[in-house]
Amino acid sequence: MTNNLIEKLAYDPTFDCVQCGFCLPSCPTYLTMKEEKHSPRGRINLVKYAVEGKAELKDLEEAIDLCLGCRQCETVCPTNVQYGDIYESAVEVLREKRNKKLDTQIMSVFLERQYMIDAMYKGLKLYHTSFVSGILSKTNALKLLPERLSNMAMILPPVQKDKRPYQTPFRTKKTTIGFFRGCMMDSFFSHINDLAIKILEAHNIQVVEIKQQTCCGALQHHAGEMDKARKLAKLNIEALEKYDVDYYVNAIGGCGASLIEYDHLLRNEAEWKARAEQFVDKVRDISVILEDIDLNLEHPINIQATYQPSCHLQNVQHVFNEPEKVINQIKGLTYKVLPEKDICCGSAGIYNIVNYDASMEILNRKMSHVKEIEPQLIITSNPGCHLQMLLGVKNEGLEDKIQVKHIVEVVAEACGIE
């Protein structure tokens, strides 16, 4: 047994897996790749074998790298195997072995610096001007990029942001929330954040926007950059806990999953553990708040719609029913359940960029189910899923037939909020 690895890899939890195979139909990589090493139990065995000296670390690399980290296997597991802990430990060990990967280094530099996020937002805004888009169209410049980047660039939506002052944090309403905007969300989909705030305020909820908030640390966490993830967690706890609010609300399935696991991330630091637990107790997805209030859904939306859940909204935040309950309240909307809706769409942070081919196989399977039910609208609850579904619609040539909208956009339309 390798003593060094037993201290770093989550070895003990691997024994909770009884190899029943109940996870197999829920694993997107197993469904598309049909190999045991790309299943949850296969990856668990590889981690166990690495500690026991029956496998080398290099034998873990492909299996762990191609895992989306969607954690659907946890949700369906009959023996409550904590796959997330096992996977997280493997990612961290492999990162140490290979040093840092360039893609996560670049992303971390952007996400951890507000001025770079602002610069990215301005760049996206410039990208969508008629002048720049015209030049790109005439020169076919996007085709010079790798397919994984050019395809993503072509489906990026126009960006817009309301200029809202940061509000003075004092209570004037019965319910007060601190709003978490997120990095990528506020660059690519800032209008969704703005609409979420307008919906809440229109329903007598006071919203406090907290300037000191920073990146949630999700990407760093998933890349095994645990020290950076813990640093960002502490910064956000310090920023948000200062304010007298009932909840910390976000409209981002992935970020919300990161926020709600701060207590797990800081579990070994006594001075932070209690603060993290109090913080986590207040984290809520926007759909949970929307389902709990009496929404003024007076404007019918006559459309056939389906819902693609965020994996981390379901499997980490354990928000399963609230989004669909909200959707089913909307007048005129006909809801169609998407076959295999709980299976990941293949986005998974930057997975669809660094593992493009694997991601596209998963997306193709997802789109085959979309075509089966023929919706006019796909509703999402996470920016990564949103972009992935836009890409899927584009790949199938269905842009004229299927819209993709965040649940906040659909609720805002039904409430007559612009």
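Student: What share of the area that the chain exposes do carbon and sulfur atoms supply?

Tutor: This is a predicted model, where local features need pLDDT of at least 70, side-chain atom pairs count only at pLDDT 80 or more, and totals for chains, interfaces and linings use all residues. Residues are numbered from 1 along each chain as its sequence is written, and side-chain values use heavy atoms, with hydrogens and water left out. The chain exposes about 18900 Å² (Shrake-Rupley method, 1.4 Å probe). Of this area, carbon and sulfur atoms supply 50%.

Student: How many of the residues of helix 23 are buried?

Tutor: Helices are DSSP runs of H or I with at least four residues, numbered from the N terminus. Buried means under 20% relative accessible area (1.4 Å probe, protein chains only). Helix 23 is largely enclosed by the rest of the structure, because its buried residues number 10 of the 13.

Student: Why does the span of helix 23 agree with what is expected?

Tutor: The expected span is 1.5 Å times one less than the number of residues. For the 13 residues of helix 23 (residues 383-395) this gives 18 Å, and the end C-alpha atoms are apart by 18 Å.

Student: Which helix gives the most to the largest nonpolar core?

Tutor: A nonpolar core is a set of buried Ala, Val, Leu, Ile, Met, Phe, Trp, Tyr and Cys residues joined through side-chain atoms within 4.5 Å. The largest has 90 residues, of which Y262, F279, L333, I379 and V411 touch the most other members. With 7 residues, the helix that gives the most to this core is helix 24 (residues 407-415).

Definitions and conventions:
Helices (H or I, at least four residues) and strands (E, at least two) are DSSP runs, numbered from the N terminus. Buried means under 20% relative accessible area, exposed over 50%, partly exposed in between (1.4 Å probe, protein chains only).
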